[in-house]
Amino acid sequence: MSRLLIKNGRVVDPSQKLDEGLDVLVVDGKIARIAERITDKDAQVVDATGLVVAPGFIDVHVHLREPGYEYKETIETGSQAAAAGGFTAVCCMPNTNPVNDNPAVTEYILARAREAAAARVYPIGAISKGLAGEELAEMGEMVLAGAVAFSDDGKPVVSSYLMRRAMEYSLLFDVPIVDHCEEPTLSARGVMHEGAVATRLGLRGIPAAAEEVMVWRNVILAQLTGARVHIAHLSTAGSLEAVRQAKARGLRVSCEVTPHHLTLTDQAVAESNYDTNTKMNPPLRSAEHVEALVEGVLDGTVDCLATDHAPHHWDEKSVEFDKAPFGIVGLETALPLTFDLLVVKHRMPLSRFVACWSTNPARLFKLPGGTLKVGSPADITVFDPELRAVVNPEKFRSRSRNTPFAGKRLRGWPVMTVVGGKVVYRRG
Ligand SMILES: NC(=O)N[C@@H](CC(=O)O)C(=O)O
Ligand SMILES: [Zn+2]
Ligand SMILES: [Zn+2]
């Protein structure tokens, strides 16, 4: 019998409409009791005075790079980075080598995640075989092996016919189809957001329309099929408008926004003097888009936050802007970046903040967490809303350090992460 007692914290759990000072008792990996002043002489006691105790944060969009690109990240380092970032679970994208397009790869990922014993890992299977966009992957077999959603992330599903079939097939298992929305003839070899900054820098632009065309296509197909469609890393005001209208029509369309698209604009490319850690897909957008995204999170059009943690090796990023791979790491900066912006700056209620990182992702992807209800798995995120600290990539658990936020002072850091009753991360 293992017992853990988290005392005196501010328990914020939107699934039970809780936001008050309470103690949380964990017994044998499950939430056993939540009440004022619990005493238990056999339990390991953690004093959470001044800290927020929330249902475990879930990142539905990460790239763990294993199998195939272990020099960038492994399931072990990635799930440890997740734990250190305050996440108790992550969903990992299938753009590995081999691609996660069959149950053998899905099972391999789950086995490696069990060995790592840090954050839980839920694999997302590929929509198409080899991410080639031609034939549907073995979706049913992958669901049986443990896949929780489907996506060709890294690539768009260009064929609307294939997307329609994937959506129809997903209805059999009632899992979401997650789309990286990009119309490749519009984004054509662009490397940053199309606009005044790109023109001034002499870099090829990716227009907002390249994303919006595909978001609208997906809304139309969601209407046709009735499928659950989740828009990955939504980055433009027009995409948000499409999601808003889809929701108004009662369609099962949801979306996520990343911390970097909420906190940086395309100016970062200029200000950083072409730092390739400002290069990601979709690109950092202009201020009007960023303002619309923040508004969308505050008004609830955006369902959840997700990092799109995309580790790349230092060598790969140490090249000309044009030639560098797209993507930045995100797991170990996400919580303070979004807390500082949304809760401190924009006064978002803590319960809404926790809903975006825990309750909503759990509901959309039908994952076991997202709640501290008695009897549920003890996946708990504890963070310090007052703690101010500077981002230091040297200390990342991740194998990669490709972040544009090095040296940034932020408020609201994770201090303890509990997965199934086990403390998998403790700050300091
Ligand atoms: N976001 C990125 O810039 N890169 C991702 C791919 C993706 O999420 O589309 C990657 O796998 O590196
Ligand atoms: Zn993507
Ligand atoms: Zn991605």
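1. Start with one strand pair in this predicted model. Strand β9, residues 149-151, runs parallel to strand β10, residues 177-179, and 2 bridges join them. Phe150 has Ile177 of β10 as its bridge partner.

2. Now place that pair in its sheet. The sheet is open and has 8 strands with parallel pairing. Their order is β6-β7-β8-β9-β10-β13-β14-β15. At the edges are β6 (57-62) and β15 (304-305), each of which pairs on one side only. Side chains in a regular strand alternate between the two faces of the sheet.

3. A second set of strands involves β5. Strand β1 (residues 3-13) and strand β5 (residues 52-55) run parallel, joined by 2 bridges. Here Val11 is bridged to Val53 of β5. β5 also pairs with strand β16 (residues 380-390), in the antiparallel sense and over 4 bridges. The bridge partner of Val53 in β16 is Val382. Val53 thus appears in both pairings: with Val11 and with Val382.

4. Next, helix α4. Its buried residues are Met163, Ala166, Met167 and Ser170. They lie on the same side of α4, because they cover an arc of only 100° around the axis. The spacing fits a general rule: an α-helix has 3.6 residues a turn, so residues three or four places apart point the same way. What covers these buried residues? The cover includes β9, β10, α7 (208-225) and β13 (229-231).

5. The annotated sites come next. An unreviewed UniProt entry marks His61, His63, Asp153 and Asp308 as "binding site". These residues span 248 residues in sequence, yet no two of their C-alpha atoms are more than 9.9 Å apart, so they gather at one spot.

6. Take His61 from that group. His61 sits in strand β6. Is His61 buried or exposed? His61 counts as buried, because it has 28 C-beta neighbours inside 10 Å. Beyond four places in sequence, the contacts of His61 are Cys91, Met93, Ala232, His233, Glu256, Ala306, Thr307 and Asp308. One of these, Asp308, carries the "binding site" annotation from UniProt as well.

7. Asp153 is in the loop between β9 and α4 (160-170). Asp153 counts as buried, with 25 C-beta neighbours inside 10 Å. Leaving out residues within four places in sequence, Asp153 is in contact with Met93, Asn95, Val178, His180 and Ala232. Met93 and Ala232 are also among the contacts of His61.

8. Asp59 is another residue of strand β6. Asp59 is buried, with 28 other C-beta atoms within 10 Å. Asp59 and Val90 are 31 residues apart in sequence, but their C-alpha atoms are 4.6 Å apart in space. Not counting residues up to four places away, Asp59 touches Ala82, Phe87, Val90, Ala306, Thr307, His309 and Leu331. Ala306 and Thr307 are also in contact with His61.

9. Which residues surround ligand 1? They are His63, Asn95, Asp153, Gly154, His180, Met280, Asn281, Asp308, Ala310, Phe326 and Gly327. This shell divides into 3 nonpolar, 6 polar and 2 charged residues. His63, Asp153 and Asp308, found around the ligand, are also in the UniProt annotation of point 5.

10. The unreviewed UniProt entry gives a further "binding site" feature. It is placed at His63, Leu64, Arg65, Asn95, Asn281, His312, Phe326 and Gly327. Of these, His63, Asn95, Asn281, Phe326 and Gly327 are among the residues around ligand 1.

11. Two residues of that feature deserve a look. Arg65 lies in the loop between β6 and α1 (75-84). Arg65 is buried, with 27 other C-beta atoms within 10 Å. Apart from neighbours within four places in sequence, Arg65 is in contact with Glu70, Lys72, Glu73, Thr96 and Pro311. Gly327 is in the loop between α12 (314-317) and α13 (334-345). Gly327 is buried too, with 23 other C-beta atoms within 10 Å. Outside four places in sequence, the contacts of Gly327 are Met280, Ala310 and His312. Met280 and Ala310 are also around ligand 1, while His312 shares the "binding site" annotation with Gly327.

Conventions: Residues are numbered from 1 along each chain as its sequence is written. Chains are lettered from A and ligands numbered from 1 in the order in which they are written. This is a predicted model: local features need pLDDT of at least 70, side-chain atom pairs count only at pLDDT 80 or more; totals for chains, interfaces and linings use all residues. Two strands pair if DSSP finds at least two bridges between them. UniProt positions are given in the numbering used here, feature names are shortened, and annotations may be inferred rather than shown by experiment. A residue is buried if 20 or more other C-beta atoms lie within 10 Å of its own, exposed if 12 or fewer, and partly exposed in between; C-beta atoms are placed from the backbone. Two residues are in contact if their C-beta atoms, placed from the backbone, lie within 7 Å. The arc is that of the directions from the helix axis to the C-beta atoms. A residue is near a molecule or strand if its C-beta atom, placed from the backbone, lies within 6 Å of it. Ala, Val, Leu, Ile, Met, Phe, Trp, Tyr, Cys and Pro count as nonpolar, Asp, Glu, Lys and Arg as charged, and the others, Gly among them, as polar.
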